[in-house]
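Please open the model in a viewer and display the side chains. The tour below moves from one selection to the next.

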Amino acid sequence: MPNVTFDSKDIERLFPGKEFDKLIDSIGMEVEERKGGSVTISVTPNRPDMLSFTGLMRALGLHAGKAKPKTYAVAGRPALSIAVTPAVMRVRPFIAALVARNISLKGNALRYVIDFTEKLSDNYGRKRNKLAMGMHDLSAINGAVVYDAKHDERFVPLNGARPMSFEEILKGHAKGEEYGYTISRNGNANYPFLRDSEKVLSLIPIINSDATKTTEHTTAMLVDVTGTDRNAVEDAARMTVCMLIDMGAEVHPVNIEYPDRNEITPSMRVKRVTVALEDFENIIGVRSTAKKMADFAAREGYIARTAGKGIAVEVPPYRTDIFNEQDVIEDLAIAHGYASIAPMPVVGHSVGKESESNMRRNGIAMLMVGLGYSEAMNYYLSNERLQFEMMHRKRGEGVIKVAKSKTEAITMLRQQVLPGLLQNLSDSAHERMPQRLFEIGSVFRLENGKPVEETHVAFVSEHSKANFAEAKSVVDALARYTGMRIGYKAHKDGAFIDGRCASFVDGLVGEITPEVLESFKIEEPVVGGEIVLEP
């Protein structure tokens, strides 16, 4: 988890005594260290808005009931425009920007803002690869601002003593050595940078120019956010707007002139989510009311109202971690207080012992290890592409889907174990041959609208001489151990070579087709099989 460090006196001024420690603990964060008049706090990765002093104090104030949730918006028409050239679109294609006026950076404020931009770029921005931020004194910018990419320009880097070329900065400056990997070092590469009509403002995402350095005397500044991930860039811009508004600044939008379109940034769109009272009560295990839910939501920064038997909330623009009602319910539980949720007594008791099923699985695992196989353990969560498309099989019946999936990699519960083992072979292609893997695990499907769970054992063997006889010998060994009756029959299956695949009552065995091996980028022949252990 990223750590942030703030001055103890700044915290004491807002939350005196032990109040700060209690609040930090109640929102799930942790004080790492107190040293030399400063406090270091660990911030969970899902709350990048708390990487700023303002954002953390906002969250604590809301949770304590000292502050009320509010609406965040940029003021008026765009303060300036930034032209984006086609050259930079091929290197680092996304940019958002804003102008902050009437801002005070006295005391520790400037340090806190700089720390926020660096922490956000390094953590949420994946070491400045996905996004990076820059700040410039607006009074030092002259004429039109352009987001461009060229191979060779010169400027004085921040706190530098002389002008340096882009190549010199990448090879000889500490920041260039640290972050130069984010942009190409090819001799013909164009490097992204920001400029006005007279000078370079920054080499992105390496370092800003000394000419536009922000100081505690700066009262208006341009903030740019660039990156390779559009959503991350927009999220960072929204978080920055909210931070600056809470610092007392007036924030204005900036017009981004792409080669094919204009966009006004940042977009302060509001996400709306509804939460049913019944869902909150069932998940958290408490009795509540819609009114209490709305009060809990307000303490976590949501603008909330009761809506029938539940609530409707507006998600604050600085919250990048809220996708659906489950996330809101988690926040409601934090506001309610986990310590206030009474534990439920365990009903019934028994003498613990290893189950017959587990002993059977362990015995089969020992057998497979004795046959020279290593055990793999893959996730039950999978996707249609891995389970069907890459296996050259038709989409199965009774697929159990993942509701509201956030990623294409996790869309269903697996129906077969074998595809995961083939993926394991693909991932370990650099290892020495032969490679032999097995897995004992659950698979899932729907039958007549009801979920069915089975236990399967699957195995794969990859080497230059892998053949059907080898795979059949493994099945025969399993049959002798378990007492299964095996009656082999020729079988056609999209994953196996015709004429080299056999089925039996509880499974399949054979040689994997070249087309499937190509799907997984496996170069050596592979044989394998899958058997139902526990229907």
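The stops that follow cover salt bridges, aromatic rings, a histidine and the cysteines of this predicted model.

**Salt bridges**

Begin with the charged side chains, among which 37 salt bridges are counted.

Select D10 and R13, whose side chains form a salt bridge with an N to O distance of 2.9 Å. Both belong to helix α1 (residues 8-14), and because they are 3 residues apart there, about one helical turn separates them. The two partners differ in exposure: D10 is buried at 10% relative accessible area, whereas R13 is exposed at 61%.

Next, select E439 and R414, which meet in a salt bridge of 3.0 Å, N to O. E439 is in strand β22 (residues 435-447) and R414 in the loop between β21 (412-413) and α14 (418-427), so this bridge ties together parts lying 25 residues apart in sequence. Are these side chains buried or exposed? E439 is buried, with a relative accessible area of 2%, and R414 is buried as well, with 3%.

Move on to R500 and E511, a salt bridge in which the closest N and O atoms are 3.0 Å apart. Here the link runs between two strands, R500 being in β25 (residues 496-504) and E511 in β26 (residues 507-512), so parts 11 residues apart in sequence are tied together. R500 is partly exposed at 43% relative accessible area, while E511 is buried at 10%.

Finally, select R230, E234, D260, R261, E263 and R269 together; salt bridges link these residues into a network. Keep R261 in view, since this arginine also lies over the face of Y258, at 4.0 Å from the ring centre.

**Aromatic rings**

A comparable placement of a charged residue is found at K130, which lies over the face of Y124, at 5.3 Å from the ring centre.

Turn now to rings that pair with one another: the model has 11 aromatic pairs. Select Y72 and Y318, an edge-to-face pair with 5.9 Å centre to centre and 85 degrees between the planes. Which parts of the chain does this pair link? Y72 sits in the loop between α3 (53-63) and β4 (80-84), and Y318 in the loop between β18 (310-315) and α11 (325-336), 246 residues apart. Y72 is buried, with a relative accessible area of 7%, and Y318 is buried too, with 3%.

Then select F155 and F166, which are also paired edge-to-face, at 6.1 Å centre to centre and 75 degrees between the planes. This pair joins strand β8 (residues 154-155), where F155 is found, to helix α6 (residues 166-172), where F166 is found, over 11 residues. Both phenylalanines, F155 and F166, are buried. Add Y191 and F193 to the selection to show the cluster that ring pairs form with F155 and F166.

**A histidine in helix α3**

Select H63, located in helix α3. H63 counts as buried because its relative accessibility is 6%. Its side chain makes a polar contact of 2.9 Å with that of E300. Beyond residues up to four places away in sequence, H63 touches L23, S26, I27, R299, E300, I334 and A335.

**Cysteines**

End with C242 and C501. C242 is buried at 0% relative accessibility, and C501 is buried at 5%. How many disulfides does the model contain? The count is 0 disulfides.

Notes: Residues numbered from 1 in each chain as written. Predicted model: local features only at pLDDT ≥ 70, side-chain atom pairs only at ≥ 80, totals over all residues. Heavy atoms only, no water. Disulfide = S-S within 2.5 Å. Buried < 20%, exposed > 50% of the residue type's maximum accessible area, 1.4 Å probe, protein only. Phe/Tyr/Trp six-rings, centres within 6.5 Å; stacked < 30°, edge-to-face > 60°. Helix = DSSP H or I, 4+ residues; strand = E, 2+ residues; numbered from the N terminus. Lys NZ or Arg CZ within 6 Å of the ring centre and 35° of its normal. Polar contact = N/O pair within 3.5 Å; in protein donor to acceptor, adjacent residues only side chain to side chain. Contact = heavy atoms within 4.5 Å. Salt bridge = Lys/Arg side-chain N within 4 Å of Asp/Glu carboxyl O.
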